[in-house]
Amino acid sequence: MQQEGGSDTEVTWEDQQNINKFGRLNNRFHELEDEIKIAKETNDNLEDASNELILTEEDVVRFQIGEVFAHVPKDEVENRIENMKEVTSQKLTKLDEEKQSVVAQMAELKKILYGKFKDSINLEED
């Protein structure tokens, strides 16, 4: 394979597999960033809803279940919001852990690929 730098570096099947794996990991990294952003927004919205619920003086509030609003006792809504916040926080933690794992795997593949191909390959984001 002729490279831009004029050096001949043979790309083995294993090298191609590493390049493909890096590409898949990079795609997953971007998906995780989007999922983390959505989870953080959801967590913020739940926190806002919890704060608004504290300020209200009504015993029965409207709570959205699916696409329908139902009149639900305030205490039950508080419990549901707390449960939803806990689930979202756990999901956020899991996503962060997966993102760290993906970043570590990508760093290892970068080291391997740059070690072999040097400037002939670009694995950085533009």
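A pocket, as the word is used on this tour, is an open set of grid points with protein on both sides within 12 Å along at least five of seven lines. Keep that in mind for a later stop, and remember as you look around that this is a predicted model.

**Stop 1: the long stretch.** Select residues 22–59, which UniProt, in an unreviewed entry, labels "coiled-coil region". The chain here is 89% helix and 0% strand. Put a distance label on the two end C-alpha atoms and you will find them 54 Å apart.

**Stop 2: the hairpin.** Now select strand E1, residues 60–65, together with strand E2, residues 68–73. These two pair in the antiparallel sense, over six bridges. To see one of those pairings, click Gln64 and look across to its bridge partner in E2, Phe69. Then move to the turn, where two residues lie between the strands. Gly66 is the one to pick there, with a positive phi near 70°.

**Stop 3: the largest pocket.** What is the volume of the largest pocket? It comes to about 200 Å³. To light up part of its wall, select residues including Asn45, Leu46, Phe63, Gln64, Ile81 and Met84. You have met Gln64 already: the residue bridged to Phe69 also lines this pocket.

Which element gives the most to the lining? Helix H1, residues 13–55, does, with five residues. E1 and helix H2, residues 74–117, each supply at least two.

Finally, color the lining by class: eight residues are nonpolar, two are polar and two are charged. Arg62 and Glu52 are among the residues to find in this lining.

Definitions and conventions:
Residues are numbered from 1 along each chain as its sequence is written. This is a predicted model: local features need pLDDT of at least 70, side-chain atom pairs count only at pLDDT 80 or more; totals for chains, interfaces and linings use all residues. Side-chain values use heavy atoms; hydrogens and water are left out. Two strands pair if DSSP finds at least two bridges between them. Helices (H or I, at least four residues) and strands (E, at least two) are DSSP runs, numbered from the N terminus. UniProt positions are given in the numbering used here, feature names are shortened, and annotations may be inferred rather than shown by experiment. On a 1 Å grid over the protein atoms alone, a cavity is a set of points where a 1.4 Å probe fits but cannot get out, and a pocket is an open set with protein on both sides within 12 Å along at least five of seven lines; lining residues have an atom within 4 Å of a point. Grid points are joined across faces, edges and corners, and a volume is the space filled by probe spheres set on the points. Ala, Val, Leu, Ile, Met, Phe, Trp, Tyr, Cys and Pro count as nonpolar, Asp, Glu, Lys and Arg as charged, and the others, Gly among them, as polar.
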